[in-house]
Amino acid sequence: MGNGTNKTAAIALGALATLSVAAAAMAADILPADVKAKISGELVWHDASGGATTRTREQTVIKDFVAETGVQVKGDFNSDMTKFFAAMDSGASIPWSMIEFPTKGDFIKARDAGYLQKLDPSIVDFKRINPTAHDDYGVDVLRYGIVFTYNKDKFKDSAPKSIADIFDVKRYPGKRCLFKYPQFGGVLESALLADGITRDKLYPLDLDKAFTKLDSIKSDILWWSNGDDAIRLLSSGECAMGIAWSGRVYGAVTNDKAPLAIAWENSLYSQAVYAVPNGAPNAVAGQAMIAHFIGDTEGQKALVKGITYTTDIVGLDSTAYGEDLAPWIVAGDNAKQAIEENADYYAKNITNVVDRFNRWVALN
């Protein structure tokens with residue numbers, strides 16, 4: 001939704017840090033005194049984003065949380081939820097006191113398996129977040145686009161317009177960059193859309209059709225495993241087009257002047273979810289970190305200016321972030337043109353989908 005640094009990005013993040021910390025200093029404390037009195041020590045959180053997303057969080061909302069509470073926060077990056085589910089399935093002790101699920105489907109699967117604690121309303125103030133953006137076990141955060149992206153330098157005469165063009169290698173030659181995981185990367189969905197499946201008939205996914213279509217471009221695919229790698233491959237021209245996370249493309253275009261463009265039509269979007277696992281070693285701090293995240297209005301503004309992933313917080317809508325961010329945020333016409341990834345489908349089918357995807361990737 002990760003790795004690679006440069007001088008320009010560092011300067012931008014420094015500015016975000018200054019903005020966020022200054023705002024936090026001027027604002028009243030976000031957490032009640034009785035909550036802060038309960039928390040201390042270290043909090044390790046399961047980070048499913050990494051890269052630019054995590055760097056921006058660390059310089060905005062996480063820095064604000066640390067400044068207010070004194071809790072030491074450490075991220076443990078894992079690009080998908082395999083490690084989390086393996087630990088929970090086995091009953092092993094876990095290091096994480098807060099979990100970022102990269103998709104709602106992963107969250108639903110964990111919740112329904114009984115792996116999550118109920119959020120404590122005396123700590124997490126649900127009035128700060130819109131009613132449709134949470135349940136008793138998790139809070140929806142960081143809504144992001146899974147967007148068709150192309151290198152403009154590769155297509156100066158006739159630019160591609162649709163995610164389906166990924167599969168038209170004759171008209172639009174070049175390597176395709178796709179996420180080496182079947183969920184929250186639009187790999188299977190793009191194949192079906194290119195095969196003529198309409199958006200209203202996309203789910204449940206027809207895996208036979210999807211993999212048959214993917215066979216047609218398999219030799220043209222370069223796989224990426226974190227968002228920063230996707231941007232590097234697309235910006236350098238190693239890939240002519242592909243699918244990337246919207247905030248990563250925004251950062252590359254804004255900070256590094258990368259020759260990239262996106263198209264929202266028939267791209268996808270999803271949202272991460274924050275939750276606290278059963279067996280968390282510092283569960284109260286994990287709940288407090290979620291509470292602080294949704295209460296830190298100025299930190300949220302700084303976060304979205306850095307990565308364009310919004311959270312459905314009361315009093316913050318797309319107009320709060322400025323017109324220059326409108327083309328990059330999952331809202332308004334962008335959300336209408338795109339397709340929401342079906343969380344219930346993936347919650348029920350992710351194990352079989354991943355197994356089949358991995359076996360397909362391994363075939364020559």
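Start by selecting Trp-45 and Met-98: in this predicted model, Trp-45 stands opposite Met-98 in β3. Now widen the selection to the two strands they belong to. Strand β1 (residues 42-47) and β3 run parallel and are joined by two bridges.

Stay with β3, residues 98-101, and look at its two faces. Side chains in a regular strand alternate between the two faces of the sheet. Here neither face is left open: Met-98 and Glu-100 are buried on one side, and Ile-99 and Phe-101 are buried on the other. Next, bring in β8, which runs antiparallel to β3 and is joined to it by three bridges. To see one of the contacts, pick Ile-99, whose bridge partner in β8 is Ala-275.

**Into the cavity**

Keep Trp-45 and Met-98 on screen, since both help line the largest cavity. Add the other lining residues: Arg-57, Val-61, Ile-62, Phe-65, Tyr-274, Met-289, His-292 and Phe-293. Two elements, α4 (61-69) and α11 (283-295), each give two or more residues to this lining. The cavity's volume is about 80 Å³. What is the lining made of, by class? Colour it and you'll get eight nonpolar residues, one polar and one charged.

**The aromatic cluster**

Go back to Phe-101 in β3 and show the rings around it. Ring pairs tie Phe-101 into a cluster with Phe-84, Phe-85, Trp-96 and Phe-107. Zoom in on the neighbours Phe-84 and Phe-85. How do their two rings sit against each other? The planes are at 75 degrees and the centres 5.2 Å apart, so this pair is edge-to-face. Both residues are out of the way of solvent by the numbers: Phe-84 counts as buried because its relative accessibility is 0%, and Phe-85 is buried too, at 7% relative accessible area.

Before you leave Phe-85, select Lys-109. Lys-109 lies over the face of the Phe-85 ring, 4.4 Å from the ring centre. For another arrangement of this kind, jump to Lys-218 and Trp-360: the charged end of Lys-218 sits over the Trp-360 ring, 4.2 Å from its centre.

**A strand between two strands**

Now select β5, residues 176-179. Both of its faces are covered, with Arg-176 and Leu-178 buried on one side and Cys-177 and Phe-179 buried on the other. Show β6 (residues 221-224) as well: β5 and β6 run parallel, with four bridges between them. Leu-178 is the residue to click here, as it stands opposite Trp-223 in β6. Then add β7 (residues 241-245), which also runs parallel to β5 and is joined to it by two bridges. On this side, follow Cys-177 to its bridge partner in β7, Gly-242.

**The second largest pocket**

Next, find the second largest pocket, with a volume of about 400 Å³. To centre your view, select Ala-133, Arg-143, Gln-271, Thr-311 and Asp-312, the closest to the pocket's centre of the 22 residues that line it. Which element gives the largest share of the lining? That's strand β4 (residues 139-151), with four residues. Colour the lining by class and it splits into nine nonpolar, six polar and seven charged residues.

**Backbone oddities**

A few backbone stops to finish. Select Tyr-203 and Pro-204 and check the peptide bond between them: it is cis, with omega near 0 degrees. Pro-204 is in the loop between α7 (187-194) and α8 (207-215).

Move on to Lys-257, which isn't a glycine yet has a positive phi of about 55 degrees. Lys-257 lies in the loop between α10 (246-256) and β8 (260-275). Is Lys-257 buried or exposed? Lys-257 counts as exposed, because its relative accessibility is 65%. Asn-266 is another non-glycine with a positive phi, this one about 65 degrees, but Asn-266 lies in strand β8.

Last stop: Asp-324, in the loop between α12 (297-307) and α13 (332-337). With 57% relative accessibility, Asp-324 counts as exposed. Draw a C-alpha to C-alpha distance from Asp-324 to Tyr-250: they are 11 Å apart in space and 74 residues apart in sequence.

Note on methods: Residues are numbered from 1 along each chain as its sequence is written. This is a predicted model: local features need pLDDT of at least 70, side-chain atom pairs count only at pLDDT 80 or more; totals for chains, interfaces and linings use all residues. Side-chain values use heavy atoms; hydrogens and water are left out. On a 1 Å grid over the protein atoms alone, a cavity is a set of points where a 1.4 Å probe fits but cannot get out, and a pocket is an open set with protein on both sides within 12 Å along at least five of seven lines; lining residues have an atom within 4 Å of a point. Grid points are joined across faces, edges and corners, and a volume is the space filled by probe spheres set on the points. Ala, Val, Leu, Ile, Met, Phe, Trp, Tyr, Cys and Pro count as nonpolar, Asp, Glu, Lys and Arg as charged, and the others, Gly among them, as polar. Buried means under 20% relative accessible area, exposed over 50%, partly exposed in between (1.4 Å probe, protein chains only). Two strands pair if DSSP finds at least two bridges between them. Rings of Phe, Tyr and Trp (its six-membered ring) pair if their centres lie within 6.5 Å; planes under 30 degrees apart count as stacked, over 60 as edge-to-face and the rest as tilted. A charge sits over a ring if NZ of Lys or CZ of Arg is within 6 Å of the ring centre and within 35 degrees of the ring normal.
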